[in-house]
Amino acid sequence: MTAFTGAGINAAPFSEGVTTMGTGRNDRNKQLLVRATPTGEVGPEHFEVREVEIPTPGAGEVLIETHYLTMDAALRLIMRNSSDFLFRLGPGDLVRNTVVGRVVTSNHAGFAPGDFVVAHTGVQTYAVAKGEELEKCDTSLAPASAWLGPVGVSGLTAYFATFAECRPQPCDTVVVNGAAGAVGSMAGQFAKLAGARVIGICGSDEKCRWLENELGFDRAINYRKGDLYTQLVDAAPNRINFVFDNVGGRVLDESLRWIAMHAKVLLCGSTSQYGAEAMAGPSQYIWLGTMRASLQGFVIFDYEQRYEEARQHMARWVKEGRLKLPEHVIDGDVGDFPAGFRDFYRGANYGKMLLRLPAAR
Ligand SMILES: NC(=O)c1ccc[n+]([C@@H]2O[C@H](COP(=O)([O-])OP(=O)(O)OC[C@H]3O[C@@H](n4cnc5c(N)ncnc54)[C@H](OP(=O)(O)O)[C@@H]3O)[C@@H](O)[C@H]2O)c1
């Protein structure tokens, strides 16, 4: 397992290079399917692997060899026994995933063998997709893997939620929860770049040290230890102007008790609730009224037209040594995804957690 920060976003192009490699003659496509709907913690018992033929691309389509799979908290949400959400996975369904892969064969003028692409093709070793549904990774800007994390949806979410929605000023205090995760580790760094005082909340002392020593957070608090509210009061003597909420639940509640006048609480994610049998809303919402504060939702796809702008800013900050791109890569095959996902929910990751498949090694 490797965890690293500060991938060489402006270093020489990623060494994976262009290739016209075909699929191995005896290769089959390994796919991960849902076997059972989980209650509580999700684990290997809820998934199964099957092998099928590698698909053949038709007109306008591309065959992709998957290199990196992403661990996304929202996968647990769509595995719930509920039709309340846009997507739902049940027994027999291919596990949804956004991947980075390499083009093997292309019947689309926009892609050539060897190109790295972001594709929404699920947990499988090979997939066919329409060219229009793919995004090409500019590996001179960031390594292919980073297109799933810091310069992909996680980093873009942190960027626009911070700079377009919250807009913290140097006099402000920002609390980021889920702070050592993919979105949180970037959000805290962005709030620091804006000049704010940044407090991170995460699930271990080691993660706290990482946030303070490696990523420049002013303070980090372990929500599993001690009285969270008391620690927040100590860390934020002038109260909290912005809560960047990734997890919801008790961690959010304790922060709401200490918000400042006209504070903004940005609801980015609710990781603590995705696997709960009965989801719970904030119990300390009363402080929103008293403090004339706002609770606002956020979805990154509203900013789709501005991704390039964010990536250019990130590239410059990395070059200047002011931003790190935290990635947590584990090696394995499609069948290792379930254990990786369980560990991710247990808090294994520092930054964006990815599973690197054999094809990428
Ligand atoms: N709004 C949008 O457009 C958008 C886009 C992308 C992601 N999101 C959301 O943003 C959130 C963060 O996403 P991410 O990709 O950065 O995930 P992540 O933070 O990397 O998620 C994993 C972390 O969640 C924490 N966690 C797990 N269970 C928890 C619990 N019960 N209470 C508190 N923390 C818990 C663990 O860290 P600890 O060790 O600290 O417990 C774990 O390491 C997710 O809710 C995701 O759905 C929203």
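Here's a quick tour of two domains, a ligand's surroundings and one helix. Keep in mind that you're looking at a predicted model. The protein chain splits into domain 1 (2-150 + 325-360) and domain 2 (153-301), and both of them help to surround the ligand, with at least three residues each.

**How the two domains meet**
- Going by C-alpha atoms, the centres of domain 1 and domain 2 sit 29 Å apart.
- Where they touch, 17 residues of domain 1 are in contact with 17 residues of domain 2.
- On the domain 1 side, helix 1 (residues 74-78) chips in the largest share, three residues.
- That same side of domain 1 is a mix of seven nonpolar, seven polar and three charged residues.

**Around the ligand**
- There are 32 residues around the ligand, and the ones that come nearest are G181, A182, G203, G269 and G347.
- Several helices give two or more residues to this shell: helix 2 (153-166), helix 3 (182-193), helix 6 (249-256), helix 7 (271-274) and helix 10 (337-345).
- Sorted by class, the shell has 15 nonpolar, 15 polar and two charged residues.

**Helix 4, a helix with two sides**
- Which residues of helix 4 (residues 205-213) are buried? They're K207, C208, W210 and L211.
- Look down the axis of helix 4 and those buried residues fall within an arc of 160 degrees, so they line one face of the helix.
- A bit of background: an α-helix has 3.6 residues a turn, so residues three or four places apart point the same way.
- Flip to the other side of helix 4 and you'll find D205, E206, R209 and N213 exposed.
- The cover over the buried residues of helix 4 includes helix 3, strand 10 (197-202) and strand 11 (219-222).

Terms used:
Residues numbered from 1 in each chain as written. Predicted model: local features only at pLDDT ≥ 70, side-chain atom pairs only at ≥ 80, totals over all residues. Domains from an automatic or database assignment. Contact = placed C-beta atoms within 7 Å. Helix = DSSP H or I, 4+ residues; strand = E, 2+ residues; numbered from the N terminus. Nonpolar A, V, L, I, M, F, W, Y, C, P; charged D, E, K, R; others polar. Near = placed C-beta within 6 Å. Buried ≥ 20, exposed ≤ 12 C-beta atoms within 10 Å, placed from the backbone. Arc of directions from axis to C-beta.
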